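Me: I am new to this structure and would like a close look at its aromatic rings. Please keep the account plain.
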Amino acid sequence: MGEISFETLPLCFEFDCAFDEQVQNRRTAAQYMGTLESLVWLNRFVGETPGDSEIGGSSRQVPHACWSRVLPTPSPSPTLELWSKDMAARLGVQRGNTEVLGGGVPIKGMDSYAQRYGGHQFGTWAGQLGDGRAITLGEVECQDGVVELQLKGAGKTPYSRFADGKAVLRSSIREFLCSEAMHHLGVPTTRALSLVATGEPIMRDMMYDGNRAYEQGAIVCRVAPSFIRFGSFQIHSSTGDVETLKTLVEHTIRTHFPFHSHGNDAGLIAWLCQIAEDTALMVAQWMRVGFVHGVMNTDNMSIHGLTIDYGPYGWLEDYNPGWTPNTTDSSTRRYRYGQQPQIAAWNIARLLEAMVPLMADAEQLHGVLSSFTTCFDQHHNQMWSDKLGLTEFRSDDEDLVRNLNSLLQEVETDMTIFFRLLCSLQSPDAEALTSAFYDETTIPKQAWNEWLEAWWSRVDGQPVREAMLQANPKYVLRNWMAQLAIDAAEKGDFTVCESLHELLQNPYDEQPEHEEQWFQKRPEWARHRVGCSMLSCSS
Ligand code: AMP
Ligand code: MG
């Protein structure tokens, strides 16, 4: 804390109470006619924060701005390949407009823009980043309140730097399927509405090893209350632009956190504590299902505590807390599974530093970090309690969890299968867990039986199975599953994508008809295959 000097600011913001009423009045039957055109488009971010005076334009620094107006680039030959009926129903939209979702002519009322933000990447301040290939179409009202619709991969913006503003089919499928799967797992996340194949070939060096090749382009339409990130605030603080920082904080609190105030230290602290707590919940949920984000840079941290920017993420197959899916991260493994809570705290500390200029007494910001730690510990204990079917988490349960963690790492053990089998164990006998181990000949059976007996006596032979079945999913989007979907889609066959999309809408259900295909350990072919165990940021 304290790297940035601060000054006390006059508090002159007036709350615009009339706004919500205006929105309510505009909510008419027309909105529910079922098309994107019939939605009421709002443009609050553009209306309430300072922007770029130029429209579009080439890559450049855009000081003092929160956004730049930019039009999506139309796709040469768009086809709507994936559609989330669930998300669409929440929006009150029955069918997609392929042209619009493929970056074509905007709908009347849209005021599309790219957001400006900065970020710490792999622990180092990277300066201005911004939406290099994401373009927000606008905000619309839906069942859950107002949400932002954003196209990812729809062309260059002033923040594209040296890149093309496009996204390839493989990474778009990974974002579409995984964000929808996470939602149904109960993990806070941005969502996906559609995936449009653009019909445009895009050049990528997938593993950054000089092997460049053309891949198919795609655009995902993603949805969230907002795409404001930690880095959205950092960029203004880093340049000493306190005025813009203050305006953005006011807009954010008023629009997205209306129960908080921004006029004094106490209000700001309460708001930041909420962000810290939402982030703690998100990371605890990642740990529960074995998700590794892979690029927890501060520009990839949502202020809503949502999983955002699906890139080289992965799912634990064998339980290895040191694993990171991201080959760019292979030397320090900064973003490894077991370090995600600490990294979240580190990122929150950077957000707090960015708020120093707005605080009369910046020392109070330290309390927000404690609130993250307390909240994460609570969720983490609850998580273990649910995963193990305990009625409550007691301090002496820590040994049980610690011993389990080390046993799970002793030989290669599939996390998802292990916990799912544990849900239906009828006696403390490792025999029933055999299929969770990769090599059945090396299972340390005696050690397992000892642990199982300790657990069994802790739960009096009656684990809370309902809680276990809701905490231990049967199906997650393992990398090799996504890869099979991608392999087929790249040949024009989206049926695997569709069946995974459907399967993962009910990840806690048995779905016995899918067991043989998808309730499986990582197949040998996937062990060293690019896209399965190795992923890069190239997307
Ligand atoms: P990420 O870590 O993938 O979320 O991206 C980091 C930064 O790079 C963000 O500012 C992105 O907008 C930008 N970026 C990534 N890929 C591209 C691309 N193909 N074209 C333009 N900008 C990109
Ligand atoms: Mg990003």
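Which residue lies over the face of Trp346 at 4.4 Å from the ring centre?

Reply: In this predicted model, that residue is Arg350, placed over the face of Trp346 at 4.4 Å from the ring centre. Arg334 also lies over the face of Trp346, at 4.6 Å from the ring centre.

Rings also pair with one another, and the structure holds 20 aromatic pairs. One of them joins Phe122 and Tyr335, with 5.2 Å from centre to centre and 40° between the planes, a tilted arrangement. Phe122 belongs to the loop between strand S5 (118–121) and strand S6 (124–128), while Tyr335 belongs to the loop between strand S13 (314–315) and helix H9 (340–355), so this pair ties together parts that are 213 residues apart in sequence. Phe122 is partly exposed because its relative accessibility is 29%, a value between the 20% and 50% cut-offs. Tyr335 has a relative accessible area of 1% and is therefore buried.

Another pair is formed by Phe257 and Trp271, which meet edge-to-face at 6.0 Å centre to centre, with 75° between the planes. Here Phe257 sits in the loop between helix H7 (242–256) and helix H8 (265–289), and Trp271 sits in helix H8, so the parts tied together are 14 residues apart in sequence. Phe257 is buried, its relative accessible area being 4%. Trp271 is buried too, at 0% relative accessibility.

Ring pairs can also join into a group: Trp384, Phe418, Phe419, Phe437, Trp448, Trp451, Trp455 and Trp456 are linked in this way into a cluster.

Notes:
Residues are numbered from 1 along each chain as its sequence is written. Chains are lettered from A and ligands numbered from 1 in the order in which they are written. This is a predicted model: local features need pLDDT of at least 70, side-chain atom pairs count only at pLDDT 80 or more; totals for chains, interfaces and linings use all residues. Side-chain values use heavy atoms; hydrogens and water are left out. Rings of Phe, Tyr and Trp (its six-membered ring) pair if their centres lie within 6.5 Å; planes under 30 degrees apart count as stacked, over 60 as edge-to-face and the rest as tilted. Helices (H or I, at least four residues) and strands (E, at least two) are DSSP runs, numbered from the N terminus. Buried means under 20% relative accessible area, exposed over 50%, partly exposed in between (1.4 Å probe, protein chains only). A charge sits over a ring if NZ of Lys or CZ of Arg is within 6 Å of the ring centre and within 35 degrees of the ring normal.
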